[in-house]
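Got your viewer open? Load the model, switch to cartoon, and keep the selection box handy.

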Amino acid sequence: MEPVLVRRAEPADLPRIAAIYDEQVRTAISTFDLEPLPPAYWEARLASRDPGDHVLVAEWEASDGSGAGVAGYAYSSSYRPRPAYSRTREVSVYLDEAARGRGVGRQLYDELLDRLRADGVHVVLAVVALPNQASEALHLACGFERVGLLPEVGWKLGRWVDTAIYGLTL
Ligand SMILES: CC(C)(COP(=O)(O)OP(=O)(O)OC[C@H]1O[C@@H](n2cnc3c(N)ncnc32)[C@H](O)[C@@H]1OP(=O)(O)O)[C@@H](O)C(=O)NCCC(=O)NCCS
């Protein structure tokens, strides 16, 4: 496991977070966004003080000695806006390609889930577009179960994409 520091994201982290996400927007089915999101989207996510809303980053030392950098991020946010859903949170995680498969996703989720437990969140959901072996493995490793499958709900990169819903009761 890499020596990474997981901490709450700050405004200075947002360009790096956006860059990690935008690479997946352009090249992968892991997100159903088709265009990069404007800075205001990330600023609003960071500004939310709703209980159960968090944005965390994993920071690591660059192997070339050029200092610490953000290797990835994870966040939790409202699942759906109607108030009876308030103790359910949806989570997501994205890493720079160089940081994948080294335990960084696990470290981000362990910290995020601890914070959600402390907030009194009851159910955590994640939507995983398929195929995504690494994401499915991460969620299973963190105790999630696959609780649903939505066939062909996305159209991206020239094909229909299914999503699996992963759930964890805290
Ligand atoms: C999905 C993602 C966040 C996983 O994070 P990660 O740091 O690579 O995963 P970790 O190294 O912490 O591994 C977590 C578990 O998944 C397993 N795993 C990781 N990558 C895997 C892969 N490619 N295939 C199979 N299993 C894999 C690990 O072995 C580990 O399981 P274990 O604890 O039982 O040994 C990361 O790969 C990523 O950012 N991918 C691109 C963006 C994305 O798809 N985000 C998810 C959107 S739903």
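Here is a walk through the sheet, the helices on it, the rings and the charged pairs.

**Stop 1: the sheet**

Keep in mind that you are looking at a predicted model. Colour the strands by number and trace the open sheet: there are seven of them, in the order 1-2-3-4-5-7-6, and the pairing is mixed. Now select residues 4-8 and 145-156. These are strand 1 and strand 6, the edges; each has a single partner strand, so one side of each has no neighbour in the sheet. Turn the view to look along the sheet and follow the twist, which averages 25° from one strand to the next.

Next, pick residues 68-78 and 88-95, which are strand 3 and strand 4. They run antiparallel and are joined by seven bridges. For a landmark on this pair, show A74: across from it, in strand 4, is V93.

**Stop 2: two helices on the sheet**

Select residues 14-27 for helix 1. This helix packs on the sheet and touches strand 2 (54-61), strand 3, strand 4 and strand 6, with its direction at about 75° to that of strand 3. Then add residues 39-47. That is helix 2, lying across strand 2 and strand 3, at about 70° to strand 3.

**Stop 3: the rings**

Show the aromatic side chains. How many aromatic pairs does a search of the whole structure find? The count is nine. Zoom in on Y41 and W42: the ring centres are 4.9 Å apart and the planes stand at 90°, which is past the 60-degree cut-off, so this pair is edge-to-face.

Switch on a surface here. Is W42 buried or exposed? W42 is buried, at 4% relative accessibility, while Y41 is partly exposed at 28%.

Widen the selection to Y21, Y41, W42, Y73, Y75 and Y94, and you have a cluster linked by ring pairs. While Y75 is on screen, add R45. The charged end of R45 sits over the Y75 ring, 3.8 Å from the ring's centre.

**Stop 4: a charged pair between strands**

Time for the charges. Side chains of opposite charge can pair when their charged atoms come close. This structure holds nine salt bridges. Begin with E59 and R7, whose side chains meet at 3.2 Å, N to O. Where do the two partners come from? E59 is in strand 2 and R7 is in strand 1, 52 residues apart, so to speak of distant parts of the chain is fair. Both E59 and R7 are buried.

**Stop 5: along helix 3**

Move to residues 104-119, which make up helix 3. Draw a distance between R106 and D110: their salt bridge comes out at 3.0 Å, N to O. The two residues are four apart in the helix, which means about one helical turn separates them. On the surface, R106 is partly exposed at 32% relative accessibility, and D110 is partly exposed at 33%.

Now select R115 and E111, another salt bridge, with 2.8 Å between the closest N and O atoms. Here too the partners are four residues apart in helix 3, about one helical turn. R115 is partly exposed at 25%, and E111 is partly exposed at 26%.

For the last selection, go back to R7 and E59 and add D13: salt bridges with shared partners join R7, D13 and E59 into one network.

Note on methods:
Residues are numbered from 1 along each chain as its sequence is written. This is a predicted model: local features need pLDDT of at least 70, side-chain atom pairs count only at pLDDT 80 or more; totals for chains, interfaces and linings use all residues. Side-chain values use heavy atoms; hydrogens and water are left out. Rings of Phe, Tyr and Trp (its six-membered ring) pair if their centres lie within 6.5 Å; planes under 30 degrees apart count as stacked, over 60 as edge-to-face and the rest as tilted. Buried means under 20% relative accessible area, exposed over 50%, partly exposed in between (1.4 Å probe, protein chains only). A charge sits over a ring if NZ of Lys or CZ of Arg is within 6 Å of the ring centre and within 35 degrees of the ring normal. Two strands pair if DSSP finds at least two bridges between them. Axes are lines fitted to C-alpha atoms, for helices over the stretch in contact, and angles run from 0 to 180 degrees between N-to-C directions. Contact means heavy atoms within 4.5 Å. A salt bridge is a side-chain nitrogen of Lys or Arg within 4 Å of a carboxyl oxygen of Asp or Glu.
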